[in-house]
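Please walk through the fold shown below, beginning with its overall architecture and moving on to its interior, its surface and its polar contacts.

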Amino acid sequence: MKPQSAKQKGRKLQQWVRDKLIDLLDIHPENVKSTSMGAGGEDVIMSKEARDAFPYSIECKCQESLNIWKAYDQASANCGKHQPLVIIKRNRFVVDISHSPWL
């Protein structure tokens with residue numbers, strides 16, 4: 001897979017997570033942003049209002065094969081005082097988070 005295609009897959013997952021959070025938390029779209037690919041830190045940036053409703057630091061991974069412990073270490077390194085959360089997706093496999101116990 002070309003690096004550009006891999007980044008596009010990751011970007012689409014970040015945007016999907018952003019859209020789900022906006023819908024499920026019923027917050028203004030300006031309160032949740034997807035970061036650009038290659039930027040350091042969290043994959044989804046949240047305002048204080050959004051963070052109060054969902055106190056997690058999100059790391060998105062859209063890969064067929066993944067070292068989950070490295071992904072969790074990356075999320076932990078970026079989380080600051082918030083709880084790390086890794087969201088994993090692979091091709092043709094989607095889990096709906098709308099019934100999540102966190103929300």
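**From an exposed aspartate to the buried core**

Asp-52, with a relative accessible area of 54%, counts as exposed in this predicted model, and it forms a salt bridge with Lys-48 in which the closest N and O atoms are 3.2 Å apart. Lys-48 is likewise counted as exposed, at 63% relative accessibility. The two residues stand four apart in helix H2, which covers residues 48–53, so about one helical turn separates Asp-52 from Lys-48.

To place that helix in its setting, one may turn to the architecture of the chain. The protein chain has three helices and four strands, and from the N terminus on these elements run in the order α-β-β-α-β-α-β. Of the 103 residues in the protein chain, 32% are buried.

Which residues touch the most other members of the largest nonpolar core? This core has 17 residues, and those with the most contacts to other members are Val-17, Leu-21, Val-32, Val-44, Met-46, Phe-54 and Ile-58. Two or more residues of the core come from each of helix H1 (3–25), strand S2 (44–46), strand S3 (56–62) and strand S4 (83–89), and H1 gives the most, with five residues. In soluble globular proteins, nonpolar side chains tend to be buried together.

Leu-21 serves as an example of such a core residue: it is located in helix H1 and is buried, with a relative accessibility of 2%. Although Leu-21 and Val-32 are 11 residues apart along the chain, their C-alpha atoms are separated by 7.7 Å.

Between H1 and strand S1 (32–34) the chain passes through a loop in which Asp-26 is found. Asp-26 has a positive phi of about 55 degrees although it is not a glycine; most residues other than glycine have a negative phi. With a relative accessibility of 68%, Asp-26 counts as exposed.

Phe-54, already listed among the core residues that touch the most other members, also takes part in the one aromatic pair that the structure holds. Its partner is Tyr-56, and the arrangement is tilted, with 4.8 Å from centre to centre and 50 degrees between the planes. An angle of 50 degrees falls in the tilted class because planes count as stacked under 30 degrees and as edge-to-face over 60. Both rings belong to buried residues, Phe-54 having a relative accessible area of 5% and Tyr-56 a relative accessibility of 18%.

What, by contrast, makes up the nonpolar patch on the surface? Ile-68, Trp-69, Tyr-72 and Ile-88 form this patch, and together they have about 450 Å² of accessible area. Helix H3, spanning residues 68–78, gives the most to the patch, with three residues. Tyr-72 lies in helix H3 and is partly exposed, with a relative accessible area of 38%. That value allows Tyr-72 to belong to a patch, because patch residues need over 30% relative accessible area.

The polar contacts can be followed from the surface inwards. The count of salt bridges comes to four, the pair in H2 between Asp-52 and Lys-48 being one of them. Another joins the side chains of Asp-19 and Arg-18, at 3.0 Å from N to O; here both partners are partly exposed, Asp-19 with a relative accessible area of 36% and Arg-18 with 22% relative accessibility. A further salt bridge links the side chains of Glu-59 and Lys-61, at 3.6 Å from N to O. In that pair Glu-59 is buried, with a relative accessible area of 3%, and Lys-61 also counts as buried, at 15% relative accessibility.

It remains to consider the cysteines. The count of disulfides comes to zero, and for Cys-62 the nearest cysteine sulfur, that of Cys-60, is 9.2 Å away. Cys-62 is in no disulfide because the sulfur atoms of such a pair have to be within 2.5 Å. Cys-62 is buried, with a relative accessible area of 13%, and Cys-79 is buried as well, with a relative accessible area of 9%.

Notes. Residues are numbered from 1 along each chain as its sequence is written. This is a predicted model: local features need pLDDT of at least 70, side-chain atom pairs count only at pLDDT 80 or more; totals for chains, interfaces and linings use all residues. Side-chain values use heavy atoms; hydrogens and water are left out. Buried means under 20% relative accessible area, exposed over 50%, partly exposed in between (1.4 Å probe, protein chains only). Patches are made of residues with over 30% relative accessible area and no salt bridge: like charges are joined within 9 Å, nonpolar side chains (Val, Leu, Ile, Met, Phe, Trp, Tyr) within 5 Å. Accessible areas come from the Shrake-Rupley method with a 1.4 Å probe; for residues, only the protein chains shown count as cover. Rings of Phe, Tyr and Trp (its six-membered ring) pair if their centres lie within 6.5 Å; planes under 30 degrees apart count as stacked, over 60 as edge-to-face and the rest as tilted. A nonpolar core is a set of buried Ala, Val, Leu, Ile, Met, Phe, Trp, Tyr and Cys residues joined through side-chain atoms within 4.5 Å.
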